[in-house]
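Me: Could you look at a structure with me and talk through its charged pairs?
Reply: Gladly, let us put it on the screen and begin.

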Amino acid sequence: MTEKPSKAMPVIGIDLGTTNSAAATIIEGKPRLIPSPEGAQGILPSVVHRPAGGGTVVGSTAEAAKIAMPESTISAVKRSMGSDVTLALGDETLRPEEVSSLIVRELKRWALDYLQLEPAQKLEAVITVPAYFNEAQRRATKLAGELAGFKVDRIVNEPTAAAMAFGLGRADEDARYLVYDLGGGTFDVSIVETFSGILEVQASTGDSQLGGEDFDWLLVGWLAEEVRKEHDIDPLEDLRAKALLKQKAEETKKQLSYDEKVELVIPLLCFKDDEPVGLTRTITRSMFDEMILPLLEKTMEHVEDVLSQAEAEAADVTHVLLVGGSTRIPRVKEMMTERFGRPPRDDVHPDEAVALGAAVQAGMKAGLIGSDTLITTDVAPFSMGVAAMQHQPDGTMVPDRFAVVIPRNTTIPATRTNTFYTLAPGQTAVAIRVFQGESGWVEENHYLGEFSLEGLPLNFAEQEEVEVTFAYNLNGLLEVSARSPKNRREMSISIEDEFDRDSQEAFLRSVQRIRDLEMDTPSTVPGSTVEYEQPELPNLFDDFDDEDGESSPAELMEETRALLLRAKAILDELDEPSRADIQQCLQDCEKALEEENYDILEELADRLFAAIMDVELEDDA
Ligand code: ADP
Ligand code: MG
């Protein structure tokens, strides 16, 4: 006798974009965009404004305030996510994740209204990020969701979500999608494959600093130069004139997606010697195309790069999907049509696909969407490894080389072990320094953390073995452990774990600050001790409980199904006895799934995972 999965918490998929954000949920098994309570609009401009009278405003009202009051308005905050900068919002100073949390809170308000829920209702969210986001950027995004009061278990790559929205209900079709996502601030291109019901990102690349905003600024630069030539003043030195030019440039750019030429008229841009200065220019589509060509070519280089990473030719791509507002630019469609010899599909809504796909992911995780649809697996967006000495052909040793343990684009979850050796005779401790990135030198990569393993047995130089194991899961949590096979000493760290422990206090302060800001009571002085209302705060350690084997039945079932498909995919290539072993384990798992016998399912799934890892590791060797 087993228990049925309990009624799940409502789930929301969130596309937290540089320019626009959106949320979707699952209604009767189907993803639906959540409209704002005030109107039919389901797209929220990612702009935050602090009016002179206090409080905060998010969305189109904030966007409108940008020109008149640029000092008290923040846009494109996504570009600073994961960095240490602080941003000025009128009289306040906020961290990027705090600003983002105000955007997420607005979407939460929409969701509560749409689903007719009480404000105190707990909601779970899946939030998307560009595939190219690094660990720090992903953590900041998760934090933004938690600060807004969501339970955030999973951060999903935007292209995976987009393909999900598109691929739902087509699980039977074996296909390869190329997802080209050009938004306001980021560019991503990925190859996503569906076969036997699995949806898998094969390869992903992109640029976290390239998008429609850059096109706007190129046009602004050109317009400012025209003003300079005509009036000998720099309009960009005037904050308001600069914001006005930016707004007009964007309007013009959008219009050029539909018209061959646009008449830009700004009667009053700024003043020179108390005289008003205006600007009138005709801009043609081909002028604009020429301006942005170098940037579009850059995106095409990434397209080539992703094809070669996936070892695919253009002809291997079944469908080309265009996602993101900037793919409305006709030149983008032309370039992709030229490259792939056929037009991209246009049945995916470029503004909604990511949010809808995130909702599908969230719905599957919560068991709200049937398992006869797609199952996603993801890939590691970066290589992960440790610092090590490297032998040179001439016999010398070079320090600080990057030894990869989990290569980029490895299907996750994944566990990999590499063996290293002590360097000096009698060395009894080793430092394990963990990095992520693609450079051969650790200092050019992103530092994640370190620890040391002590108490190794005495031995000759370069003789004593240390096994280093990396385990990377679907939620982007990396666990690194080091072990001496001889005396079994072991040490490990969990990268996200360390981060959260350090920042719990900062988190509490942030929640309070944001609330104060919205309610407009004076902000708490950082560092002061204040009593917080504990019950309303999300538990930062929720995840770790989950990781320790307490996944929900729906999660466990989803994970097991993904494993089953992975195991079946490799079964044919196997020799006895591993083939028989995996076959047996597969059957046991299927039986337990059918009987909803969660008690033994977990253990069987672990065994199956270990067996798959063994085989995949042998393949690598
Ligand atoms: P993000 O995912 O970065 O939030 P979006 O996918 O919402 O971005 O795309 C926003 C970008 O798309 C903005 O730079 C906007 O100017 C641009 N955009 C929207 N509509 C058009 C259009 N018709 N032509 C060209 N660019 C457009
Ligand atoms: Mg986007």
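**Charged pairs**

Reply: This is a predicted model, and a pair to begin with is the salt bridge that Arg228 forms with Asp234, where the closest N and O atoms are 3.1 Å apart.

Me: Is Arg228 buried or exposed, or something in between?
Reply: Arg228 counts as partly exposed, at 29% relative accessibility, and its partner Asp234 is also partly exposed, with a relative accessible area of 27%.

Me: ok, and how many salt bridges does the count come to?
Reply: The count comes to 31 salt bridges. One of them joins Asp316 to Arg176, with the closest N and O atoms 3.8 Å apart.

Me: Which parts does that pair tie together?
Reply: Asp316 sits in the loop between helix 7 (285-309) and strand 17 (319-323), while Arg176 belongs to strand 12 (residues 175-182), so the salt bridge ties together parts that are 140 residues apart in sequence.

Me: And how accessible is Asp316?
Reply: Asp316 is partly exposed, its relative accessible area being 35%, whereas Arg176 is buried, with a value of 15%.

Me: New topic: what does Arg331 pair with?
Reply: Arg331 forms a salt bridge with Glu338, and the closest N and O atoms of this pair are 3.9 Å apart. Arg331 counts as buried at 19% relative accessibility, because the cut-off for buried is under 20%, but Glu338 is exposed, with a relative accessible area of 58%.

Me: Which residues do shared partners join into one network?
Reply: Glu213, Asp216, Lys246 and Lys253 are joined into one network by salt bridges that share partners.

Technical notes. Residues numbered from 1 in each chain as written. Chains lettered and ligands numbered in written order. Predicted model: local features only at pLDDT ≥ 70, side-chain atom pairs only at ≥ 80, totals over all residues. Heavy atoms only, no water. Salt bridge = Lys/Arg side-chain N within 4 Å of Asp/Glu carboxyl O. Helix = DSSP H or I, 4+ residues; strand = E, 2+ residues; numbered from the N terminus. Buried < 20%, exposed > 50% of the residue type's maximum accessible area, 1.4 Å probe, protein only.
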